[in-house]
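Trainee: Please take me closely through one part of this entry, and then place that part in the wider picture. I would like one connected answer, with the cut-offs stated as you go.

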Amino acid sequence: MLLEVKDINVHYGKIAALKGISLEVNEGEIVSLIGANGAGKTTTLKTISGLRPLTSGKILFNGEDISKMPGHKRVILGIGQAPEGRGVFPGMTVQENLLMGAYTRKDDLSKDLAEVYELFPRLAERKSQFGGTMSGGEQQMIAIGRALMTKPKVVLLDEPSMGLAPMLIAQIFTIIKEINSRGTTVLLVEQNAQQALKLSDRAYVLETGRVVKSAPGRELLDDPSVREAYLGGH
Amino acid sequence: MKGDEVTREETTPRRNPFSAIGHGFDLTRDWWEHAKVWQRYLVYIAAIVFALILPAPAIGSFMSPGADWTTVLVYPVGTYILLAIGLNVVVGQAGLLDLGFVAFFAIGGYNVAFFGTHYGWNYWVTVVLGIAMAAVSGVILGAPTLRLRGDYLAIVTLGFGEIVRITANNSDVIGGARGITNVPHPPPIFGEKFLLDPAPYYYLMIAAIAVVIIFSVRLQKSRVGRAWAAIREDEDAAELMGVPTFKFKLLAFAIGAMIGGLAGGTYAGKAVFIEPNTFPFILSATILAAVVLGGSGNLPGVIIGAFLIGWLPERFRDFAEYRILVFGGVLVLMMALRPEGLLPSRRRKAELREGTGGMGAMGAEVAGPGTEASTEVAK
C-alpha cells in the first residue's frame with residue numbers, strides 16, 4: 001500500500017474539520033474523494049501533503065509514518081500536490097513555475113520537462129509567459145505539470161476542474177488518466193463527481209469530516225443515495 | 001536551463017505625467033533585461049564613477065543648498081540606501097512585512113558605540129560583532145513569529161522595534177535615555193583619517209553599499225532567491241515544491257538584519273553620539289516607504305527610492321515645517337498614480353496584477369494596478 005491514512009482528526013482552532021478519516025491508496029490507482037463543500041476534502045489533501053498539522057491519527061507513506069514530517073520533506077519522499085485554487089507563481093514564467101517543481105531535485109530534468117510539455121502542448125507554446133497572465137485552464141495545467149516535476153509517486157489533485165469550461169474539464173480528465181497510465185498514482189478531490197467517479201478505481205464519499213461510503217468508482221455512480229446527493233440524478 | 005526569455009509585454013503609455021515617467025522607467029528596465037554583458041559593465045562603471053563624483057560641490061550646490069552635501073549623502077541618503085537594501089531582502093524578496101527594521105540598525109549602532117567606548121575595541125571588530133548580534137536577534141525575533149503571516153507578522157515586528165528602543169532607553173549600562181557619547185571613529189584606512197571631514201565616511205559608505213549590492217544580487221540569483229520568490233508569491237505552493245519555507249523566511253530575516261546591523265555600525269562610526277531616539281519607529285516606516293516607493297524587490301528601484309526619500313526632505317528645507325507635509329503629499333500621489341513603485345521588476349508587476357506577492361495579506365487583499373478588485377473568494 002502506497003498511502004495509508006489512519007483515523008486522522010484535524011482542527012481549525014476548536015472546530016473539527018476532519019473527524020476520524022481513514023483511507024487507502026494503492027500503487028497505480030486513481031482514487032477520488034467526493035463530497036459537498038466543507039466535507040473536508042481539501043483539508044484531507046492538505047494534511048496528507050503536510051500543510052495542515054493533524055491532532056490525532058496517522059499517515060503512512062510506503063509504510064513509513066510521516067504524520068509529523070514537514071511538508072517540504074514529504075515532497076522528496078514522493079508526494080506531489082496541485083493545490084486548491086492552483087497556486088501558480090504569478091511572477092514566474094511557465095517554465096520557471098515548472099522548474100520550481102524540481103526545486104529539490106539535482107538529477108537531469110530535461111526528460112521530465114519534455115514530458116510535461118508533451119502532456120500540455122499549450123504550456124510549451126507559452127513557456128516564457130508569466131504564470132499570472134495565463135487563463136484558468138492553463139494555470140491548472142501549470143499546477144499539474146509543476147506537481148509532476150517533483151517526480152511524485154502519488155500526485156494529489158485538488159479540484160482540477162474548478163472554474164473551467166466543460167471542454168477543458170474533459171481535457172484535464174483525459175490528461176489525469178494519461179498521467180496515471182504512465183505510472184503515477186493519483187488521489188483526486190472533486191466536486192465534479194460524475195466525471196471523477198467514471199475515472200476512478202475507487203472513491204470515498206466525505207460528509208462533514210467523515211467517510212460515509214467507499215467503493216469502486218463505477219459502483220458509486222450507480223448508487224442511488226450518491227446519485228441523489230452528488231450527481232443530481234435519481 | 002533557466003526560465004528562457006520573458007516575452008516582451010505591451011505597455012501602453014498612459015496619460016498622466018507620473019505614468020509617462022513610469023513608462024520611461026519601464027523602457028529602461030526592458031532595455032536592461034536584454035542588454036549585453038559589456039553594456040551592463042559599462043553601466044556598472046558609470047554608476048561607480050557617478051557615485052565617486054557625486055559629492056562634488058558643483059552638484060552639491062544644486063542638490064543641497066542649505067546643508068553640507070557630502071554630510072547629507074552619508075546621512076540620511078547613504079544610510080537609507082543601505083537600510084533599504086537590507087529591508088528589501090525581507091520585504092521585497094521574501095515578501096515578509098517588517099515594521100521594526102530599525103531595531104537591527106539600533107543593534108548595529110549600539111554594538112559599535114558600547115564596545116568601542118567601554119572596552120576600547122577596534123571599530124571593525126565592533127562592526128562585525130554588531131552584524132552578528134543583529135543576525136542573532138533577527139533569528140530570535142523570527143523563530144517564534146515567522147509562523148504568523150501578513151498583518152500579524154507586521155504587528156509583532158513593529159512591537160520588536162519598540163521593545164529594542166525602549167530597552168535601550170531603560171538600560172543604564174548603555175547610557176539609558178542619555179545614550180552613548182564619544183563613539184570612536186573608524187581607524188584610518190590607506191592613510192585616510194576619519195575625523196570631521198565627511199568625505200572618508202562617504203567613501204566608506206559607498207564601499208559598504210557596493211558590497212551589500214553584490215551580496216544581494218548574488219543571493220537573488222541563487223537557489224535561495226528562487227525560494228524567496230516562491231514564498232513571496234505563494235507560501236503554501238512553495239512548501240509543496242519542497243522549499244523549507246520556515247527556514248528560508250528565517251534566513252531572510254537574518255540577512256536583512258545583518259545589513260541593518262552594518263548600516264548601524266557605519267552610522268555610529270560617524271555619529272559620535274547615539275541615543276535611543278536615534279532609532280524611532282518612524283525610521284522603520286520611512287525605510288519601508290523607500291522600498292515600496294522605489295519598487296519593492298527591484299534593487300535599482302529600491303536604491304532610487306531610498307535616495308529620493310533621504311534627499312527630498314533635505315532639499316526642501318526651505319519649506320521649513322511644511323516640508324514633511326509636502327513630502328507626505330508627494331508619497332500619496334506617487335502611490336495613487338504608480339502603485340507598483342517607480343522602478344518595479346517585471347515579475348513584481350505580474351504579481352501585483354494577481355493581487356499577491358509580498359506584504360502578506362496586505363498585498364493579497366488590495367487589487368493590483370489596472371485591475372478590478374480581484375478578490376478570489378475561492379482561495
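**From the low-confidence stretch to the core and a hairpin**

Mentor: Over residues 357-379 of chain B, pLDDT (the predictor's confidence in each residue, from 0 to 100) stays under 50, and for this stretch the model has 48 contacts beyond four places in sequence, where two residues are in contact if their C-beta atoms, placed from the backbone, lie within 7 Å. Chain B as a whole has a mean pLDDT of 86, with 87% of its residues at 70 or more, and the model scores ipTM 0.94 and pTM 0.89. This is a predicted model, in which local features need pLDDT of at least 70 and side-chain atom pairs count only at pLDDT 80 or more, while totals for chains, interfaces and linings use all residues. Residues are numbered from 1 along each chain as its sequence is written, and chains are lettered from A and ligands numbered from 1 in the order in which they are written.

The largest nonpolar core (buried Ala, Val, Leu, Ile, Met, Phe, Trp, Tyr and Cys residues joined through C-beta atoms within 7 Å) has 158 residues, and those with the most contacts inside it include L82(B), A230(B) and A252(B). Helix α4 of chain B, residues 69-93, gives the most to this core, with 15 residues; helices (H or I, at least four residues) and strands (E, at least two) are DSSP runs numbered from the N terminus. Leaving aside residues up to four places away in sequence, A252(B) touches V89(B), V90(B), Q93(B), A94(B), L96(B) and W228(B).

Chain A offers a piece of sheet to follow residue by residue. Strand β1 (residues 3-12) and strand β4 (residues 56-61) of chain A pair in the antiparallel sense over 5 bridges, pairing being called if DSSP finds at least two bridges between two strands. Within that pair, E4(A) stands opposite L60(A) of β4(A), and L60(A) also has D65(A) as its bridge partner in β5(A). β4(A) and β5(A), the latter covering residues 64-65, pair in the antiparallel sense over 2 bridges, and they form a hairpin with 2 residues between them, where N62(A) in the turn has a positive phi of about 55 degrees.

Around this sheet, chain A has 10 helices and 10 strands, and its C-alpha trace spans about 45 × 40 × 30 Å along the principal axes. Among the contacts in chain A with a separation of 6 or more, 65% join residues 24 or more positions apart.

How values were computed. A residue is buried if 20 or more other C-beta atoms lie within 10 Å of its own, exposed if 12 or fewer, and partly exposed in between; C-beta atoms are placed from the backbone.
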